Amino acid sequence: MLGTLIVKELKAILASPKFAATFAVCSLLILLSIFIGIREYRTAVRQYDEALQLAAQNVRTQASWMGLTTTTYRMPDPMQIFIPGVNNDIGRLSAINGFEDVKLKNSTYADDPIFALFRSIDFSFIVQVVLSLFAILFTYDAVNGEREGGTLQLTFSNPVPRSAYILAKLAGSWLALVVPLLVPVLLAVLLVMLHGIPLAPDHWARLGFFLLVSLLFFTFFIALGILISTLTRRSATSFLLSLAVWVTLVLIVPRLGVMAAAAADPVPSIAEIEARIDAFAKDRWEGQMKEMEGRWQGRQEAMKGMTKEEREAYEQEKEKEWSNDDEAGRMSVQKDIDTYSTRVNEDLRNRKLNQEHLAFALSRISPASAYQLASMSLAGTGVSLKSRYEDAMREYRTAFTQYVGRKQKETGGQGGFRITVDSQTGFHFSAPRERGTLDVSDLPAFLPPVIRFSETAASAVIDAGLLAVFSLMAFAGAFLAFQRYDVR
Amino acid sequence: MAERPMFEAAGLTKRYEDGVLALDHISFSVQPGEVYAMLGGNGAGKTTTINLFLNFIEPTEGEARIDGIVTHREPLKAKEKIAFVSENVMLYPNFTAMQNLDYFTRLSGRPAPSRSAYREALLRVGLEEEAHGKRLKGFSKGMRQKCGIAIAIMKNAPAILLDEPTSGLDPQAGFEFIGLLRSLRNEGKAILMSTHDIFRAKEVADVVGIMNRGQLVMQRPSGELAGQDMEKLYMQHIAGHTGLAS
């Protein structure tokens with residue numbers, strides 16, 4: 001009996017004219033999105049390789065250990081082909097040196113804002129928006145449409161258990177919609193392989209999990225459509241209701257969750273934080289200048305009454321001591337600023353994390369959010385992408401500055417800025433130019449953070465579980481509602 | 001010993017949630033090989049009676065039995081013994097006549113018959129062979145009605161329930177339909193039919209019941225009605241219960 005009902009559902013959907021149109025649109029979109037994703041990924045890889053070479057060359061041509069600066073880049077990941085997430089929103093590079101904090105800059109969307117405006121169509125977007133809408137459009141009249149068409153009466157004039165009928169509705173619709181859609185999905189994966197995109201076993205595991213999560217999400221909307229069709233008598237009503245629910249779940253709740261979290265737990269803007277750090281730095285440097293002026297005046301006092309020769313001899317004798325004093329003062333100020341900056345940034349990060357957790361918790365009411373979060377976690381292109389790279393870059397910055405400090409000592413000089421004071425012209429800053437290139441052959445290389453399947457799966461499993469629960473709840477609702485459904 | 005009736009209404013009563021009394025303690029029975037025609041106007045209670053036999057609704061009082069099985073207690077078992085043809089047979093428009101027949105035959109719980117059995121059933125109801133493989137979306141009401149009868153035939157149920165089966169059919173189709181009913185009766189099927197069509201009822205029914213406002217106001221074997229003006233009789237009973245009798 002169940003088999004007969006399932007086969008009929010399959011046939012009914014496959015024979016409907018809207019199926020052919022839907023299948024064609026979905027296949028085209030999926031293949032197109034993957035094709036574009038592959039092209040963008042390859043461009044990103046090429047740019048990344050060129051940027052690395054350029055950065056290495058730039059380091060080799062620098063003249064001062066003290067002012068040594070390099071640039072680190074985010075490495076493209078093949079998973080961004082399927083789920084770009086925030087990949088194009090966050091910066092691609094950060095300067096690494098001893099005097100500025102790590103900050104990812106030059107995002108793709110900052111370079112090309114037009115793409116930020118309309119975003120690109122990627123695979124996860126197709127599943128989240130297009131396929132979920134199609135799932136609703138195929139199932140909104142699953143039960144009430146049969147009642148209106150008169151076939152429900154004829155069906156239930158036979159010994160058909162209601163539980164078997166509603167189960168067949170879900171299973172048949174699921175098979176009729178999912179199996180054909182697996183064809184373009186598999187073709188898309190084949191396209192990725194044919195283009196020689198390097199997919200490690202870890203990527204395959206993440207991709208497999210992502211497809212499973214996509215299926216769960218799709219299942220939810222199939223079950224939701226059936227639920228709505230069992231709760232309403234007329235298909236016109238269920239169509240409008242389904243659309244309203246879809247818009248709420250896919251377009252409104254995810255945004256509302258983030259907006260509510262921002263209102264409930266506000267976080268200062270980056271500009272505000274930068275202004276605070278700048279004010280602190282300015283204050284400290286002004287203090288340092290006053291201290292230097294004081295020291296200079298003390299030195300001048302000490303040289304009062306000396307002849308020019310005595311003065312020069314005294315200055316020569318004290319030069320290193322004075323230079324060390326000035327350097328120590330400068331280092332102390334820089335350390336204070338760094339400490340303050342770290343503290344403020346840490347505080348900002350914690351507050352952002354709290355806001356993020358609240359936003360995610362609120363928006364997870366929607367399966368669309370759960371799906372988005374799960375897919376981005378699996379791809380490693382979620383909001384944690386930024387902090388993951390910034391953490392790795394900060395770690396690298398520590399190794400880099402230690403390396404620079406060691407090199408400075410090894411090469412004998414402080415390598416710092418020279419500050420000269422003249423009674424006529426005031427302060428002068430200069431760097432002791434070391435002619436020729438620096439030997440940076442042993443400069444530690446930046447290793448992009450590697451995200452493993454086990455880590456991504458751990459964070460995605462909650463959302464996958466939520467999607468399973470949502471699907472079960474929708475189906476249980478449909479099951480219960482249909483037990484009392486008036487088939488006349 | 002009398003044969004067990006195939007259809008049996010015993011004090012069947014239905015009061016809807018809004019308080020409307022749709023059926024008021026009606027009792028009748030239909031034996032195998034008998035056609036029972038329920039006559040009555042709109043709101044008389046004919047469709048409610050059919051819905052009770054199909055267990056689409058549950059009775060407030062009394063029982064509807066099919067071959068002794070109380071429909072609201074064992075609905076699936078009761079439905080194994082009943083075939084239903086509605087006033088306006090609606091099947092799957094994107095399926096062919098053959099596919100629709102196959103699907104509903106499988107739903108009846110019968111082992112899937114051969115293709116030739118389906119072909120024979122469709123030919124028996126008068127659906128030409130060239131239409132068997134065509135989708136139903138282009139079928140007329142009469143053609144769909146024929147498919148509905150073919151489904152009932154394939155189910156091979158001992159009890160057949162017809163809700164206004166000749167409504168909207170042209171005279172030729174109506175005539176063919178009556179012939180088909182006679183042949184089913186001759187096979188020993190018990191047929192319970194609701195209709196507005198007094199003349200068709202007289203033509204085929206063994207027993208005629210007139211319903212009005214949820215009550216069975218008259219029930220007579222058609223033999224007793226021979227020579228009587230059915231229309232006059234019908235109006236007398238309807239009028240007698242509506243206060244229109246002069």
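These legends accompany several close-up views of a predicted model.

**View 1. A nonpolar patch on the surface of chain A.** Six side chains make this patch of about 570 Å²: A:Val183, A:Leu187, A:Leu190, A:Met193, A:Leu194 and A:Trp204. Helix α8 of chain A, spanning residues 162-194, gives the largest share, with 5 residues. A good place to start looking is A:Leu187, which belongs to helix α8 of chain A. With a relative accessible area of 41%, A:Leu187 is partly exposed, because that class covers what is neither under 20% nor over 50%.

**View 2. Helices α10 and α12 of chain A cross each other.** Two packed helices are described by the angle between their axes and the distance between the axes. Here, α10 (residues 235-264) and α12 (residues 308-363) of chain A have axes that come within 8 Å and cross at roughly 145°. The crossing of α10(A) and α12(A) is right-handed. On the α10(A) side, the contact is made by A:Val253, A:Pro254, A:Gly257, A:Val258, A:Ala260, A:Ala261, A:Ala262 and A:Ala264, while α12(A) brings A:Gln355, A:Leu358, A:Ala359, A:Leu362 and A:Ser363.

**View 3. A:Glu319 on helix α12 of chain A.** Follow helix α12 of chain A to find A:Glu319. This residue is partly exposed, at a relative accessible area of 48%. For a sense of scale, the C-alpha atoms of A:Glu319 and A:Val86 are separated by 53 Å, and the two residues are 233 residues apart along the chain.

**View 4. A buried salt bridge between A:Lys169 and A:Glu146.** Over all chains, the count of salt bridges comes to 34. In the one shown here, the side chains of A:Lys169 and A:Glu146 meet with an N to O distance of 2.8 Å. A:Lys169 sits in helix α8 of chain A and A:Glu146 in helix α6 (residues 144-149) of chain A, so the pair ties together parts 23 residues apart in sequence. Both A:Lys169 and A:Glu146 are buried. Widen the view and you will see that these two residues belong to a network of salt bridges that links A:Lys8, A:Glu9, A:Glu146 and A:Lys169.

**View 5. B:Glu164, a loop residue with a salt bridge and a positive phi.** B:Glu164 forms a salt bridge with B:Lys46, and the closest N and O atoms are 3.7 Å apart. This pair links distant parts of the chain, 118 residues apart: B:Glu164 is in the loop between β7 (159-163) and α7 (171-186) of chain B, and B:Lys46 is in helix α1 (residues 46-53) of chain B. B:Glu164 and B:Lys46 are both buried, and the relative accessible area of B:Glu164 is 6%. The backbone deserves a look too: most residues other than glycine have a negative phi. Phi of B:Glu164, however, is near 45°, a positive value.

**View 6. B:Lys81 and B:Asp67 join two loops of chain B.** The side chains of B:Lys81 and B:Asp67 meet in a salt bridge of 3.2 Å, N to O. B:Lys81 is in the loop between α2 (75-79) and β6 (82-85) of chain B and B:Asp67 in the loop between β4 (61-66) and β5 (69-70) of chain B, so the pair ties together parts that are 14 residues apart in sequence. The two partners fall into separate accessibility classes: B:Lys81 is partly exposed at 26%, whereas B:Asp67 is buried at 16%.

**View 7. The surroundings of A:Thr70 in strand β1.** A:Thr70 lies in strand β1 of chain A, residues 70-73. Its relative accessibility of 7% counts as buried. Leaving out residues up to four places away in sequence, A:Thr70 touches A:Ala55, A:Val59, A:Ser94, A:Ala95, A:Ile96, A:Tyr396 and A:Phe400.

**View 8. B:Met90 makes contacts with chain A.** You will find B:Met90 in the loop between β6 and α3 (97-107) of chain B. At 28% relative accessibility, B:Met90 is partly exposed. Beyond its neighbours within four places in sequence, B:Met90 is in contact with A:Gly149, A:Gly150, A:Thr151, A:Leu154 and B:Arg144. From B:Met90 to B:Gly148 the C-alpha distance is 8.2 Å, with their positions 58 residues apart in sequence.

**View 9. A positive phi at B:Asn156.** B:Asn156 is in the loop between α6 (141-155) and β7 of chain B. Phi of this non-glycine residue is positive, near 55°. B:Asn156 is partly exposed, with a relative accessible area of 48%.

Methods:
Residues are numbered from 1 along each chain as its sequence is written. Chains are lettered from A and ligands numbered from 1 in the order in which they are written. This is a predicted model: local features need pLDDT of at least 70, side-chain atom pairs count only at pLDDT 80 or more; totals for chains, interfaces and linings use all residues. Side-chain values use heavy atoms; hydrogens and water are left out. Patches are made of residues with over 30% relative accessible area and no salt bridge: like charges are joined within 9 Å, nonpolar side chains (Val, Leu, Ile, Met, Phe, Trp, Tyr) within 5 Å. Accessible areas come from the Shrake-Rupley method with a 1.4 Å probe; for residues, only the protein chains shown count as cover. A salt bridge is a side-chain nitrogen of Lys or Arg within 4 Å of a carboxyl oxygen of Asp or Glu. Helices (H or I, at least four residues) and strands (E, at least two) are DSSP runs, numbered from the N terminus. Buried means under 20% relative accessible area, exposed over 50%, partly exposed in between (1.4 Å probe, protein chains only). Axes are lines fitted to C-alpha atoms, for helices over the stretch in contact, and angles run from 0 to 180 degrees between N-to-C directions. A crossing is left-handed if the near helix is turned anticlockwise from the far one by less than a right angle, and right-handed if clockwise. Contact means heavy atoms within 4.5 Å.
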